[in-house]
Amino acid sequence: MGLKFSAALVVVAVLAGCAGRGPMGFGNAARPEDPTRTCNHGNAGDARFAPLRARTGTGMGGPTLAMRASKDTPTEEERRALNIWTVAYQSCVDMGRSFRAAYLTPAQAAWIEAHHSRTVGLVAKLYAGDITWGAYLDQRDALERDTDMGLASANEAAAQAQAAQANAEAARGLAIMRAIQASSPPPVVYQPVPVPPMPRTINCTTMPMGAGWTNTQCR
């Protein structure tokens with residue numbers, strides 16, 4: 001399975017950054033979209049999350065320096081929005097779990113599930129006031145980098161397994177072809193029968209020349 005994962009997928013994007021990662025390919029155009037991604041994209045513009053977008057810079061080109069330096073903890077309004085966001089986020093994650101089990105390798109699915117779980121844990125720390133908005137953004141970035149590295153390793157392993165499978169199938173096909181050829185009777189080769197040359201007829205005529213001599217001519 002092959003896969004490349006989005007590094008900037010919106011996941012009710014205001015908080016999770018890349019947390020809505022989903023499979024991008026292996027060239028399988030017939031594969032459906034990860035329901036988690038579809039769900040999160042649909043929730044990205046929810047008006048209930050406007051206070052959170054103002055803190056994270058979602059839809060505004062990303063967090064500003066002032067947002068990253070913020071020492072503020074969530075206000076009561078922001079805490080209410082965080083609570084609603086978490087419920088929506090977890091609902092989206094649940095929607096795509098069977099999809100990821102069907103289309104991803106266990107390692108790829110495990111990294112995505114771990115990212116989802118760690119994202120909710122990080123939001124819980126923010127909700128409780130244990131970290132500031134600035135610290136949240138820094139830790140979210142670190143979480144995304146860690147997940148990107150893990151997914152890159154899982155993707156490489158999946159690509160190698162796919163290549164090994166393709167090579168094994170090619171080798172099996174070649175072995176079957178050789179077995180069929182070995183069990184088939186040899187082809188009949190028809191050689192032309194050589195035609196002997198026609199014998200040459202020699203006619204000779206002898207004429208007496210007198211005095212005991214003769215003249216013989218052949219043709």
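## Overall picture

A residue counts as buried when its relative accessible area is under 20%. By that cut-off, 36% of the 219 residues of the protein are buried. Please keep in mind that this is a predicted model.

The protein has seven helices and two strands. Following the sequence from its start, you meet them in the order α-α-α-α-α-α-α-β-β. If we take contacts between residues at least 6 apart in sequence, 65% of them link residues at least 24 apart. The accessible surface adds up to about 13,300 Å², and carbon and sulfur atoms account for 60% of that area.

## Helix α6 and its partners

Let's start with helix α6, which spans residues 106-127. One of its partners is helix α4, residues 76-95. The axes of these two helices are 10 Å apart and meet at an angle of about 170°. Angles over 145 degrees count as roughly antiparallel, and α4 and α6 are therefore roughly antiparallel to each other. The residues of their contact comprise eight nonpolar, six polar and two charged. On the α4 side you will find R79, L82, N83, W85, T86, Y89, Q90 and V93. Facing them from α6 are E113, H115, H116, T119, V120, V123, L126 and Y127.

Helix α6 also packs against helix α7, which covers residues 133-183. Here the angle is about 175°, and the axes lie 9 Å apart. That angle makes α6 roughly antiparallel to α7 as well. In the contact of α6 with α7, the residues divide into 12 nonpolar, seven polar and five charged.

## Tyr103 in helix α5

Helix α5 takes in residues 97-103, and Y103 belongs to it. The relative accessible area of Y103 is 29%. Because partly exposed residues fall between the 20% and 50% cut-offs, Y103 counts as partly exposed.

If you look for D34 in the model, its C-alpha atom is 9.3 Å from that of Y103. Along the chain, these two residues are 69 residues apart.

## The strand pair

Now to the two strands. Strand β1 is made up of residues 204-210, and strand β2 of residues 213-218. The strands run antiparallel and are joined by six bridges. In one of these pairings, T206 has T216 in β2 as its bridge partner.

How many of the six residues of β2 are buried? The number is zero, so β2 lies largely in the open.

Conventions. Residues are numbered from 1 along each chain as its sequence is written. This is a predicted model: local features need pLDDT of at least 70, side-chain atom pairs count only at pLDDT 80 or more; totals for chains, interfaces and linings use all residues. Side-chain values use heavy atoms; hydrogens and water are left out. Axes are lines fitted to C-alpha atoms, for helices over the stretch in contact, and angles run from 0 to 180 degrees between N-to-C directions. Helices (H or I, at least four residues) and strands (E, at least two) are DSSP runs, numbered from the N terminus. Angles under 35 degrees count as roughly parallel, over 145 as roughly antiparallel, 65 to 115 as roughly perpendicular and the rest as oblique. Contact means heavy atoms within 4.5 Å. Ala, Val, Leu, Ile, Met, Phe, Trp, Tyr, Cys and Pro count as nonpolar, Asp, Glu, Lys and Arg as charged, and the others, Gly among them, as polar. Buried means under 20% relative accessible area, exposed over 50%, partly exposed in between (1.4 Å probe, protein chains only). Accessible areas come from the Shrake-Rupley method with a 1.4 Å probe; for residues, only the protein chains shown count as cover. Two strands pair if DSSP finds at least two bridges between them.
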